[in-house]
Amino acid sequence: MGNYVGAIDQGTTSTRFMVFDHAGSVVSSCQTEHEQILPQPGWVEHNAVEIWRNTCSVVEGALEKAGLQADDLDSVGITNQRETTVVWNPKTGQPLFNAIVWQDTRTAELVARFGAGDKGTLIRRKTGLPVATYFSAVKMRWLLDNVPDLQVAATRGEAIFGTIDSWIIWNLTGGPTGGVFATDVTNASRTMLMNLETLDWDEELLSLFAIPRDMLAEIRPSSGFFGDTDPEGPFAGKVTVYGNLGDQQAATVGQACFQPGQVKNTYGTGNFMLLNTAEVAVPSEAGLLTTVCYAFGTDKPVYALEGSVAVTGSAVQWLRDQMGLIGEAAEIEALANSVEDNGGVYFVPAFSGLFAPYWRPDARGVIVGLTRYANRGHLARSTLEAICYQSRDVLESMESDAGLNLESIKVDGGATVNNTLMQLQADILGVTVVRPRVLETTALGAAYAAGLASGFWVNTDDLIDNWAEDRRWEPTWSEDQREAGYRLWKQAVERTLDWL
């Protein structure tokens with residue numbers, strides 16, 4: 001039994017491999033970005049082969065950095081960008097199209113068709129999800145409709161669909177020579193095809209979307225045996241895959257949010273706030289998602305309410321890459337601090353429409369309140385505030401659905417190193433914001449899921465003991481200041497609607 005647990009964290013913009021010790025501390029890490037393919041406005045794709053190649057590279061890089069061998073690892077877990085969909089030939093291992101990313105909006109017409117009337121009601125009741133471009137089923141349907149001969153290939157067993165976790169696990173465990181075709185309940189719960197009660201693919205929904213069941217992976221618990229690794233792969237056959245969680249559920253596990261009512265907010269490409277609702281799948285009346293939080297072994301599944309925001313960290317990337325306003329993402333903090341406030345400027349980065357709680361694919365980004373007084377600093381500050389205001393939209397809905405008044409939230413993800421952003425978040429929410437010592441809780445959660453199944457950690461009490469606070473922020477704005485800012489934010493959101 002090795003002394004460490006590894007985690008493959010396959011995200012929207014990069015892939016990394018991290019090694020953790022028993023205390024949940026980072027031993028080693030290696031990360032590589034992959035190309036964002038943008039063929040048309042609103043379309044976002046990834047090259048699945050590039051992602052697999054990067055996965056092998058970062059595993060080898062992290063082990064080499066720490067002077068470790070594969071057999072120093074007890075087990076490995078996977079976490080991934082959740083709704084991104086890839087179709088490939090299981091006989092050759094070749095993707096049949098680029099992966100369609102969760103942010104992609106090309107399926108808006110399909111959403112209108114499946115979301116109308118009784119169909120939309122049925123999907124929401126069975127899956128806990130509104131019909132939206134976000135989720136995998138409409139991406140699968142688009143691929144079947146638009147990739148030549150894909151429907152025929154499916155009938156021959158030459159095409160299968162998976163979210164990125166399934167693609168990685170299949171390749172890790174042998175690919176065309178016996179790879180395990182599996183997913184877990186958290187990823188499956190984001191497809192619009194899994195029934196939240198049965199935790200299995202729903203025949204009525206498969207029929208509605210006309211997606212063959214044989215194209216879909218086996219659904220398993222998040223913590224449990226997935227497969228032994230391929231001797232020819234990056235782990236040389238010496239490690240077993242024991243855990244698999246969608247990225248936001250993994251962050252919830254990494255934050256040790258195992259008690260009902262605990263909330264975490266992850267700051268990445270988008271923002272994702274999850275509230276543990278225990279063994280009860282709470283239907284949302286306020287625009288949130290009902291989702292599986294995790295399922296460990298044979299234990300009953302734990303559910304969550306989730307507020308998903310499409311564009312937060314990627315708005316900072318937009319300032320860097322498309323606008324050339326900053327050279328590095330980290331520069332935004334100093335630029336935002338060069339001004340006292342936002343100067344009346346509000347930025348709503350609805351590049352992929354608006355997700356929770358609005359679910360408006362017709363929305364597009366706007367910058368409002370511009371005067372000659374406005375400068376680069378004001379736009380930088382309004383970008384940070386946009387991250388925080390979108391999180392407030394979600395928190396208001398969460399409190400309404402759960403009947404709670406939350407006093408604090410745990411935060412994680414790369415952007416939480418920005419102390420100005422964290423103070424703004426406390427001010428705009430009016431709650432305490434708490435950052436843990438280990439920020440990369442997504443990878444940590446995947447490691448925890450694997451280590452719980454292998455016996456590396458005995459139970460969740462071990463994981464709770466590992467959690468430690470780094471810093472907290474208390475609100476400093478007055479109630480009047482907070483409400484005045486939020487009122488203007490809501491007015492700005494109105495300006496984004498009905499563009500398409």
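**Close-up views of two open sheets in a predicted model**

**View 1. Strands 21 and 22 within the seven-stranded sheet.** Ile 409 stands opposite Val 433 in strand 22, where strand 21 (residues 408-412) and strand 22 (residues 432-436) pair in the parallel sense over 3 bridges; two strands count as paired if DSSP finds at least two bridges between them. The model is predicted, with local features requiring pLDDT of at least 70 and side-chain atom pairs pLDDT 80 or more. Residues are numbered from 1 along each chain as its sequence is written. Helices (H or I, at least four residues) and strands (E, at least two) are DSSP runs numbered from the N terminus.

**View 2. The open sheet of 7 strands and helix 12.** The strand order is 17-18-16-15-21-22-23, with mixed pairing, and the edge strands, each pairing on one side only, are strand 17 (289-294) and strand 23 (469-473). From one strand to the next the twist averages 30°. Helix 12 (residues 376-402) lies across strand 15 (263-267), strand 16 (271-276), strand 18 (302-309) and strand 21, running at about 20° to strand 16; contact means heavy atoms within 4.5 Å, and angles run from 0 to 180 degrees between N-to-C directions of axes fitted to C-alpha atoms, for helices over the stretch in contact.

**View 3. The open sheet of 6 strands and helix 14.** Here the order is 3-2-1-5-14-13, again with mixed pairing. Strand 13 and strand 14 (residues 240-246) are antiparallel over 3 bridges, and Asp 228 has Thr 240 in strand 14 as its bridge partner. Helix 14 (residues 441-454) lies across strands 1, 2, 5, 13 and 14, at about 135° to strand 5.

Technical notes:
Side-chain values use heavy atoms; hydrogens and water are left out.
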